[in-house]
Each structure stands twice: as structure tokens, then as C-alpha cells.
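I opened this notebook to record what I looked up in the structure, beginning with the ligand and ending with a single loop residue. The entries follow the order in which I consulted the model.

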Amino acid sequence: MSDKEQKILTTNLGNPVFHDQDSITTENPRYTLLSDTHLIEKLAHFDRERIPERVVHAKGTAAHGYFEVTHDITKYTRAAFLSEIGKKTDLFLRFSTVGGEKGSADSARDPRGFSIKFYTEEGNYDMVGNNTPIFFIRDAIKFPDFIHTQKRHPAKHTKDPDMMWDFLSLTPESIHQVTILFSDRGTPKTFRHMDGHSSHTFMFYNHEGQHYWFKWHFKADLGFKTLTEAEATELAGKDPDSATRDLFDSIEKGDYPSWTAYVQIMPPEDAATYKFDPFDITKVWYHADYPLIPVGKMVLNRNPDNFFAEVEQSAFSPGNFVPGIAASPDRMLQGRLFSYPDAHRHRLGPNFHQIPINKPKAASASTYQRDGFMTVDDNGGAGPNYYPNTFGGPAPAPEYAPPVLPVTGTVARHEYPLADVDFVQAGELYRRVMSDTDRDHLISNICGNLGQAQKRIQLRQAALFYKADADYGKRVAEALGLEVAAVQKLAAMSQAERVQATLA
Ligand code: HEM
């Protein structure tokens with residue numbers, strides 16, 4: 001049959017269907033018969049169409065493209081896909097918002113996810129970052145609580161400013177990310193007009209076994225463009241899928257978005273002495289201290305053929321590394337290393353790696369894992385299913401060993417020692433990086449939201465802004481109609497005293 005000929009409709013096992021508009025019924029009256037297996041197949045499959053949405057980052061879209069190396073960084077990493085100028089690697093990039101459900105608005109005030117799957121010759125490498133270089137918290141143990149405050153109230157089932165600001169004001173390390181989120185950067189114009197960051201610190205290591213700490217930064221060649229609060233709100237009503245549509249349409253008409261990739265590199269001996277903990281994801285490394293080093297170019301040039309098959313079933317994990325790249329002792333990252341594949345097994349099943357979008361493309365997987373729901377490859381065929389064996393099965397290759405790092409001290413729930421520097425970078429951002437307009441928008445964006453929380457929570461949070469910068473705190477207090485002196489007094493207290501003074 002040529003492609004132009006009409007295909008015959010079949011059941012899902014390929015049996016031709018002769019009629020598809022009427023169920024099999026008795027004649028009078030019209031009871032439907034269980035013997036209509038075609039009808040039952042249709043209904044039963046439909047009943048199972050939904051899979052769990054991602055517990056965070058549920059709303060998103062993605063595209064295919066490539067990464068091309070433009071600068072030599074082989075002295076830092078042995079990663080094969082970064083080994084040669086001009087080398088190209090296929091990739092799949094998913095953008096997302098964080099807190100909303102699958103149907104929520106693209107223009108919501110929220111960080112944006114920025115997940116890249118590089119299909120390298122050493123297997124898949126995932127860079128699962130955000131459009132912000134930092135995050136709200138620095139320990140994975142706080143993540144479920146934090147996310148609950150971004151989602152719906154347990155009784156009202158609405159977003160709840162009390163929940164959100166109660167948590168944030170009880171979590172002072174969030175101040176830096178809150179300042180970014182409530183600037184216009186919290187509402188990017190489209191996915192094409194925003195940067196991406198690993199946010200976490202990772203480890204590079206080279207062929208000689210030397211290691212470095214590094215962070216990824218992907219700068220949008222179209223520039224970082226943002227919406228005002230009013231524009232974002234209007235767009236959420238008019239076209240909740242604005243960024244999804246924008247990406248698809250741009251690629252469809254050949255207007256391919258691109259990013260320039262950079263890394264910041266920190267020699268390991270600096271880690272103990274740098275003015276900020278390099279493994280604290282609430283902090284940036286100043287570019288003046290660790291400049292951006294160009295690495296490559298990333299282009300998106302192909303839309304998915306099928307959203308569910310490719311975008312919904314894609315599974316990214318910050319623990320998918322290739323030789324030359326590894327984790328750091330960032331305690332948020334350490335928690336994430338567990339959480340993503342765990343979520344994939346729940347959301348897509350234990351064989352999620354066999355789904356075409358998740359399979360390595362430029363390498364092949366050789367493991368001793370077998371069986372499980374939805375095994376759709378050859379399951380290892382007749383080859384040995386245990387290791388060690390003397391039947392020619394795959395064996396580990398010691399030449400891929402990463403560097404060995406020392407640890408010292410005790411095992412305990414170690415409290416974070418450097419909390420007093422938590423306000424420094426938020427203050428610098430407010431004073432030095434933001435323009436007058438940025439600051440005006442920041443204050444108004446904060447007050448529109450914080451103004452809906454209880455007064456005692458407003459006071460506690462305004463004190464944190466004051467601690468970042470006196471002008472910042474004063475302006476928030478004035479805009480909310482709070483007594484500036486009361487905010488100043490709270491700001492002078494310890495966090496424990498401040499919490500005590502603002503209990504219900
Ligand atoms: C998605 C957990 C922090 C970026 C997810 C998912 C989980 C999760 C369970 C859904 C995965 C799936 O169903 O496929 C966590 C935990 C965190 C954390 C436990 C902290 C301990 C972060 C941070 C970033 C981030 C700090 C950015 C730097 C993302 C992105 C996605 C995601 C971009 C969407 C991935 C995709 O496009 O499929 N996270 N997350 N997360 N997370 Fe996190």
C-alpha cells in the first residue's frame with residue numbers, strides 16, 4: 001500500500017475493523033453487549049490514558065537540537081562529548097514551570113526548569129537545571145515541605161500566600177531566590193528568552209585524574225527578556241500555553257533558538273577559603289572571582305513528533321553522568337541524586353530507560369538488569385544475566401574510575417554553619433545589579449503577593465528584606481502599610497527571637 005492510500009483502521013493488535021460508529025447492541029431496546037471487544041478495547045485503553053504528572057515541573061514542553069563545542073576545555077574534563085572543538089552531540093531540552101499542574105499557565109511567577117539530555121557516545125548525560133543560578137533552600141530534607149507551600153492548601157485547595165510566606169520567612173536562606181523570583185525575572189517572556197543554569201556545583205575531572213568544581217550557565221542568544229506582572233497576568237488569561245506555543249511555532253518556521261554555554265571553574269583548593277560555601281545552592285560564585293568560560297553553542301531545531309511519547313515520557317536526572325563529570329557534596333544535589341530515578345520508576349515504570357526518548361542513542365546499554373513491567377527490548381537475549389561470568393558478558397572498565405576524594409569528621413545531622421552570610425548576595429543583587437525600574441517592580445510584585453498573607457507573617461518577611469538591605473525592607477514595609485520601626489526591631493533580632501515575636 002502506498003503512503004497516499006487510506007490505511008485500514010485496526011484493533012491495537014492489527015485486526016481490521018469493519019465499522020467504528022455503532023457499538024454492538026441488542027435490537028430493541030439497545031443494550032450493549034460485552035462481546036464487542038473492539039468497543040471494550042477502546043474504552044479500556046482510554047481509561048488508562050493518564051499517567052501521574054511530574055510531582056513538580058508538571059507543565060512544560062521540549063524540543064530536539066544539538067550542542068556544538070566551540071572552545072577547548074579538555075584540561076578540566078575528559079567527557080568525550082566535550083573533547084574536540086566542532087564536535088556535535090544530539091540533545092533534547094525540556095522547559096517547565098515548577099509549582100503548577102499540567103494545565104497551569106506558562107507565564108506564572110515561578111522559576112523555569114531547564115533540562116537537557118545529551119545523547120553522548122558515553123551514554124546519556126542530563127543537565128537538570130533552572131533559569132535561576134540559585135535555589136530557595138540548600139538541603140534536600142526541606143524540599144517536600146517547601147514544595148507543599150508552593151502547591152495547594154490542604155483544605156481550601158487553592159494557592160495560599162500564608163503557607164508560602166510562613167515557610168519562606170521561617171527559611172531565611174530563601175531570601176536570595178525570593179528576590180530573583182519577585183523581580184521580573186520570575187516571569188520570563190518565553191522559554192527562548194531565558195538563560196539556564198545548573199545552579200548546583202558539579203565536579204569535572206580530566207584524564208590525569210585532576211578535579212575541579214564547576215557550574216553550567218547557558219545564556220540565551222536572544223537575551224533574557226521578561227514580562228511585567230500585569231503582562232504575565234493578562235497572558236495567563238488570554239493564552240495559558242503562551243511559551244509552549246511560542247517555542248513550537250518558532251521552531252516550525254525555522255527560527256531556531258540558541259544558547260551559548262559557559263562554565264565557571266573553581267580549583268579544588270579554593271573551596272575551603274572562598275567567601276561563600278561553593279556547595280550552597282543559595283549562593284552564586286561572583287563572575288569577577290570565577291569568570292564565565294565559553295564552551296559551546298546549543299541550538300533547538302526540531303519539534304517533537306508526539307508530545308506524550310517524547311515530552312511527557314522524558315525522564316531527566318541530575319545523577320546521569322558521563323566519565324569526566326560527577327556530583328559535588330552539595331546536600332541538595334545529594335538528595336536529588338535519589339529522587340529523580342525514583343520518580344521515574346513511579347511515573348513511567350522500572351524500565352523507563354527503554355522508552356525511546358530516554359534510551360542512549362550514541363551508545364548502547366549493556367547491563368545485567370532483566371525483566372520487570374514493560375520490558376520491550378530483547379531483555380539481554382540469551383546472554384548471561386549475572387556478573388561475574390565466563391560467558392563473555394560485559395565487564396566494568398577501571399579506566400573510567402573518577403578521582404577519590406577524602407572525607408573527615410563525624411556523621412550527624414550537621415547544622416549549616418554559615419547562615420549569617422545568607423543576606424549578603426540578596427542585598428548586593430538589590431543594590432548593585434537592579435535598576436531603579438527593577439527595584440520598583442520588585443517591591444510591587446512582592447507586595448501584591450505578600451500583602452495577602454497575615455500581618456504577622458508580613459512583618460517577619462519584611463524584616464528579612466530589611467536584613468538584606470535597609471532600603472529594600474523599608475520600601476516593602478511602607479508599601480504594605482507596616483510600621484517601619486517594628487520591621488527594624490524584628491530585623492535586629494535573631495531568627496529564633498523573630499519567630500517567637502511573630503507567632504499567631
Ligand atoms: C523535576 C525532585 C530540586 C530542577 C523534579 C521531579 C522531582 C524533583 C521528583 C520530577 C521528576 C520526574 O517525574 O521526572 C527534586 C528534589 C529537589 C529538587 C527532591 C531537592 C532536593 C531541584 C533543583 C532544580 C530542579 C535545585 C534546579 C536547579 C528540576 C527540573 C525538573 C525537576 C528542571 C523537571 C525535569 C523535566 O523536565 O522532566 N524534581 N527537585 N529541582 N526538577 Fe527537581
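Before the first entry I note a term: helices (H or I, at least four residues) and strands (E, at least two) are DSSP runs, numbered from the N terminus. I also note that the model is predicted.

**Entry 1. The ligand.** I asked which elements each supply at least two residues of the shell around the ligand. I found β2 (88-97), β3 (112-120), β4 (123-130) and α8 (331-348). Of these I singled out α8, which gives the most to the shell, with eight residues. I then looked up which of the 28 residues around the ligand come nearest, and recorded His57, Arg94, Gly113, Ala140 and Ser199. By residue class, I noted that the shell divides into twelve nonpolar, twelve polar and four charged residues.

**Entry 2. Strands β3 and β4.** Since both strands supply residues to the shell, I examined how they are arranged. I recorded that β3 and β4 form a hairpin, with two residues between them. Their pairing is antiparallel and runs over eight bridges. As one example, I looked up Phe114 and found that its bridge partner in β4 is Gly129.

I next asked how many of the eight residues of β4 are buried. I counted a residue as buried if 20 or more other C-beta atoms lie within 10 Å of its own. Seven of the eight meet this condition, so β4 is largely enclosed by the rest of the structure.

**Entry 3. The whole chain.** I turned to the chain as a whole and noted 14 helices and ten strands. Its radius of gyration is 26 Å, close to the 23 Å that the globule rule gives for 504 residues, so I entered the chain as being as compact as a globular protein of that length. Along the principal axes, I found that the C-alpha atoms fill a box of roughly 80 × 70 × 45 Å. I recorded 38% of the 504 residues as buried. Among contacts between residues at least 6 apart in sequence, I noted that 72% join residues at least 24 apart.

**Entry 4. Ala419.** Lastly, I asked where Ala419 is placed. I located Ala419 in the loop between α8 and α9 (424-433). I entered Ala419 as partly exposed, because 14 other C-beta atoms lie within 10 Å. Leaving aside residues up to four places away in sequence, I found that Ala419 touches Pro172 and Glu173. I also looked up Asn445, 26 residues from Ala419 along the chain, and recorded a separation of 26 Å between their C-alpha atoms.

Technical notes. Residues are numbered from 1 along each chain as its sequence is written. This is a predicted model: local features need pLDDT of at least 70, side-chain atom pairs count only at pLDDT 80 or more; totals for chains, interfaces and linings use all residues. A residue is near a molecule or strand if its C-beta atom, placed from the backbone, lies within 6 Å of it. Ala, Val, Leu, Ile, Met, Phe, Trp, Tyr, Cys and Pro count as nonpolar, Asp, Glu, Lys and Arg as charged, and the others, Gly among them, as polar. A residue is buried if 20 or more other C-beta atoms lie within 10 Å of its own, exposed if 12 or fewer, and partly exposed in between; C-beta atoms are placed from the backbone. Two strands pair if DSSP finds at least two bridges between them. The radius of gyration is taken over C-alpha atoms; the globule rule is 2.2 Å times the number of residues to the power 0.38. Two residues are in contact if their C-beta atoms, placed from the backbone, lie within 7 Å.
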